[in-house]
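Here is a friendly walk through one structure, meant to be read with the model open beside you. It begins with the whole fold and then moves inwards, strand by strand.

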Amino acid sequence: PAFCHEGISQSPVQVDLESTFAVEANPLSFQYNSSETAAYTVSNDGYKIVVSGSFGEMKYGDHSFKAYSLQLHHPSEHTIGSGSSRSDFELQILHYDAFGLQSAVAVLFDSSDDDSDASDFLSALGLVGNDTQALAVGSKKTVTGLDLTELVNESEHYISYEGSITSPPCSEKVKWFILNKKNSCSQAQVDSFVKLFGKPSNVRGVQQLNNRQFSLF
C-alpha cells in the first residue's frame, strides 16, 4: 500500500526522552469491558496475533473512541530512549470514533524469569508455557476472560504523537498514546511467541519522525 512506502507520518517511532515535549492537557480514561464471560476471537494471520470483539471504549478528554481490535507484537515496535530500548511485548489497542478517526494505545510488557510474573492476559490469549498449537498460523479460536482494564488503569501518564497503523494499509492520522506503566510477563510467554513467529519476530522498523512532536501527560 502507498502509505506504507510513501507516508510521512508513519509508525512506529523512537521516542527520544531528551526531546522537547509539548504539554498534553487531556487525560485518558478507560471504560473497557471487564466481563469474564465476554467472548473474543483470537487469530494468527502469519504476521501478528489479532484479537477482535467488543472491548468498550476509551475517552481522550471528552472525546470517545471505541476499541475494535488488539494486535500483539514482540518485541515492542516503539522504542524508548536514546538507546532505542524495546520492551518484550507491545499490545496495540486500536480505536475509532464516531467520525472514523483512529487512535491507538500502546501497552508495554517486560519479562522476568519468574513464572509468577506471567501475564494473566497473555495466558488467556494462549501464551502459556510451550503450548502454542492453538495459536498456529491460520488458526482462529474464541477466548474469554480478557480484562484490558487490569493492563491500563494504573497508568497515570502517557506520551502521544500523530502516526499510523503499523501494518498494511499503514493508515495515517492515528493519535498514538504510549502508556507509562509497563506490565509484567514471563520469559516462558516470550519464548512461546518466538516459537510462533521466529526471532526477530513481528515488528516493523522504526520510521522517520519528520519533525513530528511528542506530547506528555
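Buried residues make up 48% of the 217 residues in this protein, which is shown here as a predicted model. The fold is built from four helices and 15 strands. A compact globule of 217 residues would have a radius of gyration near 17 Å, and the 16 Å found for the protein agrees with that. If you are setting up a box of your own, the C-alpha atoms fill one of roughly 45 × 35 × 35 Å along the principal axes. The protein exposes about 10100 Å², and carbon and sulfur atoms supply 48% of this area. As for contacts between residues at least 6 apart in sequence, 69% of them join residues at least 24 apart.

**Strand β9 and its partners**

A good place to start inside is strand β9, residues 89–96. How many of its eight residues are buried? Seven of the eight are, so the strand counts as mostly covered, given that buried means under 20% relative accessible area. Strand β9 has a pairing with β7, which is antiparallel and spans seven bridges. In that pairing, Lys 66 stands opposite Tyr 96 of β9.

Strand β9 also pairs with β10 (residues 102–112), again in the antiparallel sense, through eight bridges. Here Ile 93 is set opposite Val 105 in β10. The two strands, β9 and β10, form a hairpin with five residues between them. In the turn of this hairpin, Gly 100 has a positive phi of about 90 degrees.

**The nonpolar cores**

Which residues have the most contacts inside the largest nonpolar core? They are Leu 91 and Ile 93, in a core of 39 residues. Apart from this core lies another, of 13 residues, which includes Val 15, Leu 94, Ala 106 and Trp 176.

Leu 91 is worth selecting in your viewer. Leaving out residues up to four places away in sequence, Leu 91 touches Leu 70, Gln 71 and Leu 72, among others. Its contacts also include Val 105, Ala 106, Val 107 and Phe 109. Phe 121, Leu 148 and Leu 151 are touched by Leu 91 as well.

**A strand with two faces**

In a regular strand the side chains alternate between the two faces of the sheet. Strand β11 (residues 140–144) shows such an alternation. Lys 141 and Val 143 point to one face and are buried, while Lys 140, Thr 142 and Thr 144 point to the other face and are not buried. Strand β11 is joined to β4 (residues 39–44) by five bridges, and the two run antiparallel. Across this pairing, Thr 41 stands opposite Thr 142 of β11.

**The cysteines**

The model has one disulfide. The link joins Cys 4 to Cys 170, with an S to S distance of 2.0 Å. The link of Cys 4 and Cys 170 is right-handed, with 90 degrees about the S-S bond. Because Cys 4 lies in helix α1 and Cys 170 in the loop between β12 (158–164) and β13, the pair ties together parts that are 166 residues apart in sequence. Are these two cysteines buried or exposed? Cys 4 counts as buried at 16% relative accessibility, and Cys 170 counts as buried at 2%. Cys 185 is buried too, with a relative accessible area of 0%.

**Backbone details to check**

If you plan to look over the backbone geometry, a few places deserve a visit. The table gathers cis peptide bonds and positive phi values in residues other than glycine.

| Residue or bond | Feature | Value |
|---|---|---|
| Ser 11 and Pro 12 | cis peptide bond | omega about 5 degrees |
| His 74 and Pro 75 | cis peptide bond | omega about -10 degrees |
| Lys 173 | positive phi | near 60 degrees |
| Asn 211 | positive phi | about 70 degrees |

Where do these residues lie? Pro 12 is in the loop between α1 (2–6) and β1 (14–15), and Pro 75 is in the loop between β7 (63–73) and β8 (79–80). Lys 173 belongs to strand β13, residues 172–179, and counts as exposed at 63% relative accessibility. Asn 211 sits in the loop between α4 (187–197) and β15 (215–216). With 81% relative accessibility, Asn 211 counts as exposed.

Technical notes: Residues are numbered from 1 along each chain as its sequence is written. This is a predicted model: local features need pLDDT of at least 70, side-chain atom pairs count only at pLDDT 80 or more; totals for chains, interfaces and linings use all residues. Side-chain values use heavy atoms; hydrogens and water are left out. Buried means under 20% relative accessible area, exposed over 50%, partly exposed in between (1.4 Å probe, protein chains only). Two strands pair if DSSP finds at least two bridges between them. A nonpolar core is a set of buried Ala, Val, Leu, Ile, Met, Phe, Trp, Tyr and Cys residues joined through side-chain atoms within 4.5 Å. Contact means heavy atoms within 4.5 Å. A disulfide is a pair of cysteine sulfur atoms within 2.5 Å. The radius of gyration is taken over C-alpha atoms; the globule rule is 2.2 Å times the number of residues to the power 0.38. Accessible areas come from the Shrake-Rupley method with a 1.4 Å probe; for residues, only the protein chains shown count as cover.
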